[in-house]
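This report describes selected spaces and surface features of a single structure. The sequence and the model are shown first, and the description follows.

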Amino acid sequence: MAKMRTLWVLVLFTLISVLALFRIAFLGVTGATPRHGELGDLLIPNRGTIVDRNGVPLARDFRVYSLWFNPKAMTEGSALIHSPAQVADGLIRIFPDLDRAELIAKLSSGKPGYLRKSILPEDANKVHALGEPALEYPLEATRFYPQGSMAAHVLGYVDTYGKGQVGMEQAFNDHLLSQEGRATPSVLSIDFRVQGALEDELARGMALSKAKGAAGVVLDVDTGELLALASLPSFDPNHVQPSDMMISAQQAADGDVPHGFNRVTNQVYELGSTFKPITVAAALDAGTITDLSRRWPAAPLHVAGFTIHDTHHYGASLNVLETLIHSSNIVTAQIADELGGVRLKKTMESLGMNERPYVELPAKGFPIWASGQWPRLRTMTVGYGHGIAVTPLHLAAAYAALVNGGVWRPATLKKVDPSAVPAGRRVFTAATSARIRQLLRMIVEDGTGRKADAPGFRVGGKTGSAEKPGAHGYRKHSLIATFAAAFPMDKPRYVVIAMMDEPQGTEATSFQRTAAWNAAPVIARVVPRIGPLLGIMPDETRDIDVSDLKRLVPAGSTGE
C-alpha cells in the first residue's frame, strides 16, 4: 500500500511537471503574457488610465474605502448594537454633510446599501471606533479625475456599472477594459495646460458678457490634433449629478442645454461672418476674384423678396479687403453670387460642412445643410454665414485649411505621431492660403478683430455674430458671437476658436453684444498664455508682410 501511494504521488508530480513545461514552451513560442487571473492581473488597474499628450493623468482608477451597511453582519438579534438614531448621530459627527433623517431611514430599513462612497482611511478608522459590525468599509476601485472638471466634455465619466459615458471614456470603453488598454495609458492630444488656460479665459469672457454658455477650441493646423476643447458651463466627472445630463422642458424651451452637453461638437450654429474668408478663398481659387482692388456696390440688396443689408453704412462701394475688414454682408453676398452655388457648395463639402464633425467623441451634431441645388438667395446667405449651421469644430478645421497651405485634415483627440500625420485633402491652393493669411491679419490689425490682437504673436482672424433661430424665426436679442483666429500668421501653427452663447451688452463689453467686444478679447488673453507653452514666444520684430494690401484700405473700422 505504501509503495502504491508513493507511485501515485510520483505520477502526479510528473504530470504537473509536464504540464508546466508545456505551458512554458507555449508562452515561449506564442509570446503570450499570462496576465488574466494571475498575479500580473492584480498589478494593473481595472480600467486603463487616460493621460494628456505630456503624460499628465486625466482619468485613472483609484482605490478608496466606501461606507457600506450590512444588516446581516450580526448573526443573531438586531442588525445594530445601538439604535439607528444613535448610529446616525455618530456618523454625522464624522460626516457632517450627511442627512440625518435619510440616514436613520436607511439604517432602519434592514436593507444593505451604501451610506457613503469614497471615504478617507482616517474616517474609516473613526467608523470602526463606533463599534458597529454592520458598518463595513470595503476597499473598492473608483474612477478618479485628478483635474476635476477640466476637460470634462473630452473625458466624459464612468457610470455606476463601470461603463464609460459621453466622452473618450465612452469612445475608448472597450480598449480601456482590454488587457492592453489597462496596462498602457491611452494618450490624448490634449495639453492640460492649454486646456486650463482656454477654460479659464472662456469662463472670464462668459462672466464679463453675462453669456449663457461658451465654447472654444485650440487646434494644430498641420496635424489636426486638438490641444484643447472646452464647453461651458461644465460638470465634475467625479460627482456627476442628474441635472448635468438632463434639463426640464421649460429650460429647453428657453434655449438652455444640460451642462454635460458639448457645445463644440454636438451643437450646430449659424456662425455668421466667420464664413466670409471661406467665401473669398473659394472665389480666389475659382478665378471670380482676380483683382483685390475691384469694387462692388454696397447698397442694400433685394433678392427674392429678401433684403440683405449691413449693420452700418460703409460707403458707396467696397473692395475685397474693405469687405472683410468692415464685415459687409452685402458685398460678400455679391461675391458668393458670382462664385455660384455649385462651387460654393463644393467648397463647403470639401471642408466637411455637410457631415458630422470628424472627431472620436460619440456626441457629434449633424449640420443643418440644404441638399440639392442651392438657389441664388441661399448661395448668397451661406456666403456670409447664414442658411447652414455647423459646430465650432467644423469651423476650426476649416480655418486650419485656410491658413496651413490649403489642406483639410480631420480633427482628432488622439496624439498623432509626427511620422503618421494624415495627408488630408487639398481644398485651397497654396497661393490662396497665403493671401487669406494676409487678409486675416489685416482684419485684426485694422478691422473688427482689433480687440483680438496679442502683441508679438501675429494673430489673424475674423469675427462673426449671428442671431439664434427660434420657434418663430430669428431671435433678435439672442446672438452667437464667435471669433475664429490663427497664430502666428507668418507661419501659422494653431487655430483658436472662442464662442459666446447669448452674450449681453454689459459695462465690461461697452454695452455691445457682438463678437468684436466679447469673443475677440478672449483670444487676446488666451494666445499669450498658451503661445509660450507651445514653443511660440512673442516677437514684435516679425510679422506677415501686408505692404501690398495697405494701399487698399484708407482707414480701419469698428463695424461688424
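## Largest cavity

Ten named residues surround the enclosed space discussed here: Leu351, Gly352, Arg356, Pro357, Tyr358, Leu393, His394, Ala397, Trp408 and Ala411 line the largest cavity. The model is predicted. Helix H18, spanning residues 392-403, provides the largest share of this lining, with three residues. In terms of class, seven of the residues lining the largest cavity are nonpolar, two are polar and one is charged.

The space in the largest cavity amounts to about 70 Å³. With a threshold of 30 Å³ or more, the count of cavities is four.

## Largest pocket

The largest pocket holds about 1,200 Å³ of space. Its lining consists of 33 residues, and those nearest the centre of the pocket are Lys117, Ser118, Thr142, Arg143 and Asn238. Four strands each give two or more residues to the lining of the largest pocket: E2 (57-69), E3 (113-119), E5 (139-144) and E6 (157-158).

The lining of the largest pocket comprises 16 nonpolar, nine polar and eight charged residues.

## Nonpolar surface patch

Met4, Leu7, Trp8, Leu10 and Val11 together make a nonpolar patch of about 550 Å² on the surface. One member of this patch, Trp8, belongs to helix H1, which covers residues 2-30. Trp8 is classed as exposed because its relative accessibility of 60% lies above the 50% cut-off.

## Two loop residues

Pro133 occupies the loop that connects helix H5 (121-129) with strand E4 (135-136). The relative accessible area of Pro133 is 38%, which falls between the limits of 20% and 50%, and Pro133 is therefore partly exposed. Between Pro133 and Gly255 the separation in sequence is 122 residues, and the C-alpha to C-alpha distance is 52 Å.

Ala423 lies in the loop between strand E15 (407-408) and strand E16 (425-426). Because its relative accessible area is 65%, over the 50% cut-off, Ala423 counts as exposed. Ala423 and Thr509 stand 86 residues apart along the chain, with 42 Å between their C-alpha atoms.

Methods
Residues numbered from 1 in each chain as written. Predicted model: local features only at pLDDT ≥ 70, side-chain atom pairs only at ≥ 80, totals over all residues. Heavy atoms only, no water. Patch = residues over 30% accessible without salt bridge, like charges linked within 9 Å, V, L, I, M, F, W, Y side chains within 5 Å. Areas by Shrake-Rupley, 256 points an atom, 1.4 Å probe, with all protein chains shown as cover. Salt bridge = Lys/Arg side-chain N within 4 Å of Asp/Glu carboxyl O. Buried < 20%, exposed > 50% of the residue type's maximum accessible area, 1.4 Å probe, protein only. 1 Å grid on protein atoms, 1.4 Å probe; cavity = no way out; pocket = protein on both sides within 12 Å on 5 of 7 lines; lining within 4 Å. Points joined across faces, edges and corners; volume = space filled by probe spheres on them. Nonpolar A, V, L, I, M, F, W, Y, C, P; charged D, E, K, R; others polar.
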